[in-house]
Amino acid sequence: MGDRYLQRVRHMDQVWDALATCTERGIHVYDDATSTMTWQSYADLVNGAGRLASVLLQHGIQKGERVLLCAETTPNFPVLWLALIWVGATPVPMPPRYALTGQYTFRERIGSLLRHFRFYCCHPDEEADIQGIAAEQTLDIRTLSLPALYAETNKQTAPVPPRAVLDASDHAFIQFTSGSTKTPKGILITWANLFANTAAMWERVEVDPLMHRWISWLPLYHDMGLVGMFLASVIAQNNLILISPACFARRPLQFLETAHRYDAHYCSMPNFAYEWILKRMQGSRIPDLSLTQFRWMGTGAEPVSPRTMAAFIERMQPFGLKPGVVSPCYGLAEATLAATLAPPGEGFMLSSDGNQTHVTCGEPVSGMEFNLKDGRIRMRGESVATHALIDGQIECIADPDGFYDTRDRGYFHEGRLVVQGRADEMFVINGENYFPYDIECAARGVEGVLKRRAVCFQLPARDGARGETVLLFERLSESTEQDAMIEEAIRAQVLCHAGLNLDIVRGVAPRAIPVTPSGKLQRLRARTLYLTGHFEHEAIPSVCTEEAG
C-alpha cells in the first residue's frame, strides 16, 4: 500500500473499494457531549454512509447538488460527508453557529450564501437563523436537522442505493475562504486536485498509512483540518484521532496527552496553538506525556514566529521531542492545501530579509510550480484550483498561464520557501518593508495582552505625511494605569524585535478585534473599524476569561 497506492488513486471508486475492506483502521472522535472517545473503522463508516445516502435521496439531495453542512467535530460527521459523496452531492462545509461570535456572526457568514443553495444540513439551534434569513430574502432552502437525519438512518429499511459515478473533474467539495462576508469566495476543489494534493503531502512527510496515526483538533470547515487531516486520512485509510477545537481551547495539554495515549505520529497546528500550549504549561499541572513518538509536527495557516518555534522546541525537549520534528509549512485553500512541506527530521532554517527573521517552510510539493514575480507568490499545478464560486457564479481565479496569485510576498532560501506576509497588508516606512504579523508577534509576548489578540495596520496618508502605524491589543479589564504600562512595554518590545516606533498603541475590549471563522486576524477590517470610530465606543464585558480562540 503506502505511497504506491496513493500515487495510483485517480478515481473515487478506488477509494470506496479500499474503504469497504478496511476493518483494522479508522477514525477516533472525542465526543464533547459525552466526554468519550468513539471509534469506527473505515468499513463501518462506509456501511453507515450507504444507509444515510438512502435518507438523503429521500429528502431530494441528488447528484450535482451543492449542500451546505455544519462541519462540527462529532462522531457522525465522517458518515455524513461520505453519504453526500455517495449520492454525488458536493459538500460545502460551514462553521457551527457557536464558532462565530463577536464581529463575525453566523448570520453575517451565511447571509450572502443561502440564495445559492437549496439544502443546509445543520445543527438544530441553527435552523431559526437559517430560516429567518431565508424568509427575509424570500428564499426556498430546506434545513435538514442532523439529529433527525441520523435518527432516520437508524430506522432505514430501504435498500442502499448505488454509488454515484464521479469523474476527476467533478467537484469534491467547495471551500469558502474566510475573507469578506459580502461576497465570500468558494474554492472549487476537484477530485483530481484532492487526489494529487493528498499523494504529494503523504509522499513528502513520509506517511505509511498502515503504521502511522494522525491527531487533530483543527476545525473541519478549515482547509488544514478538512483536507490535511480528515479527507487525506480517508483517502489513505490511515488511523486518525479527532478532538474538537473547543476542547483544545479549554485543555490544550490534554491534546498532547491524547497524542501520547494513542501513539500519534503526526499533527499540524497554527502558530498560535503552540503559543497557547506554552502558556498553559506555565500555570497548569503538566500531565504525564511523551512526545517521542512524533515524527512530524507541522505549523501553518498563519505566519510562523521563529521565537515561538524555538520556545516550543526547547520546552518540549524534556518530553522527548526529537530534533527536526517541528516543521513550518505553507498552504492555502486554493492549492487544495499543501504547497510547500519539509520531510520529517529536516525541521527549518532561519532567513533574514533585512529587518526581520523568518523560518523556511519547506520545498514545493510534487507537481507544484512557483513564480515569484515582484516578490508575490504565484503557483500552479495539479493541486491548484482554477475556479471559484463567487456570488453564485463560477469564475476563473487563475491567470492565462494557470498561475494563482496568493497575494502573499516571499522568496526562496536554499530552495525552501520563506513567506514574509500579505502583500496588501505590508507598509513601507523610511524605505523599509514591514509586515503586520511580525509586529503583532512581538506585542503578543507582553504580559497583559491576550494571546493572538493584537492587530497592527497603517492608516492612510494625510496632508503629504505618511500614515500612522496603529497597534490595538485586547486586555482582560480596563485600567488606565495598567493600559499605560502595557502600551509602554509593547512599544519597547516592537522597537527591539521589529525595529519600529509605533505611532499609536491602544488597549481594547476582549473579542473586539475582528477575526475570520478560522481565527485569522482581519487587519483591513480592523483598520476600517478604527477609522469609523468603532473602538471609541466598544463595550467592556464585566466578566471575561482568556481563551485561545
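In the predicted model, one side of helix H15 carries the exposed residues Glu481, Met485, Glu488 and Cys496. The buried residues of this helix are Asp483, Ile486, Ile490, Val494 and Ala498. These buried positions fall on the same side of H15, because they cover an arc of only 65 degrees around the axis. The cover over the buried residues of H15 includes strand S26 (432–434), helix H14 (436–444), strand S28 (469–474) and strand S29 (504–508). The length of H15 (residues 480–498) agrees with expectation: at 1.5 Å a residue, its 19 residues should span 27 Å, and its end C-alpha atoms are 26 Å apart. Glycine 499 follows H15 and has a positive phi, near 70 degrees.

A positive phi also appears in the turn between strands S23 and S24, where glutamate 414 has a value of about 50 degrees. These two strands form a hairpin with two residues between them. Strand S23 (residues 404–413) and S24 run antiparallel and are joined by six bridges. Within this pairing, arginine 409 has glycine 421 of S24 as its bridge partner. Strand S24 (residues 416–422) is largely enclosed by the rest of the structure, since six of its seven residues are buried.

Strands of a sheet pair through backbone hydrogen bonds, in either a parallel or an antiparallel arrangement. Parallel pairing is found in an open sheet of four strands with the order S4-S3-S5-S6. Strand S4 (90–94) and strand S6 (142–145) are at the edges; each has a single partner strand, so one side of each is left without a neighbour in the sheet. From one strand to the next, the twist averages 25 degrees. Strand S3 (residues 66–70) runs parallel to strand S5 (residues 119–122), and three bridges join them. Leucine 69 has cysteine 121 in S5 as its bridge partner. Two helices lie across strands of this sheet. Helix H6 (residues 127–136) lies across S5 and S6 and runs at about 175 degrees to S6. Helix H7 (residues 146–154) lies across S3, S5 and S6, at about 65 degrees to S6.

Antiparallel pairing is found in an open sheet of three strands, ordered S14-S15-S18. Its edge strands are S14 (330–331) and S18 (363–364), each of which pairs on one side only. Two bridges connect S14 with strand S15 (residues 338–341) in the antiparallel sense. Glycine 331 is matched with alanine 338 of S15 as its bridge partner. Helix H8 (residues 191–204) lies across S15 and S18, and its direction is at about 15 degrees to S15.

Glutamine 293 is located in the loop between helix H12 (271–283) and strand S12 (296–300). This residue counts as buried because its relative accessibility is 11%, below the 20% cut-off for that class. The side chain of glutamine 293 reaches the backbone oxygen of alanine 259 at 3.3 Å. When neighbours within four places in sequence are left aside, the contacts of glutamine 293 are Ala259, His260, Asp263, Ala264, His265 and Lys322. Alanine 259 thus appears both among these contacts and as the residue whose backbone oxygen is reached by the glutamine 293 side chain.

Technical notes:
Residues are numbered from 1 along each chain as its sequence is written. This is a predicted model: local features need pLDDT of at least 70, side-chain atom pairs count only at pLDDT 80 or more; totals for chains, interfaces and linings use all residues. Side-chain values use heavy atoms; hydrogens and water are left out. Buried means under 20% relative accessible area, exposed over 50%, partly exposed in between (1.4 Å probe, protein chains only). A polar contact is a pair of N or O atoms within 3.5 Å; within protein, one must be able to donate a hydrogen and the other to accept it, and residues adjacent in sequence count only if both atoms are side-chain atoms. Contact means heavy atoms within 4.5 Å. Two strands pair if DSSP finds at least two bridges between them. Axes are lines fitted to C-alpha atoms, for helices over the stretch in contact, and angles run from 0 to 180 degrees between N-to-C directions. The expected span of a helix is 1.5 Å times one less than its number of residues. The arc is that of the directions from the helix axis to the C-beta atoms.
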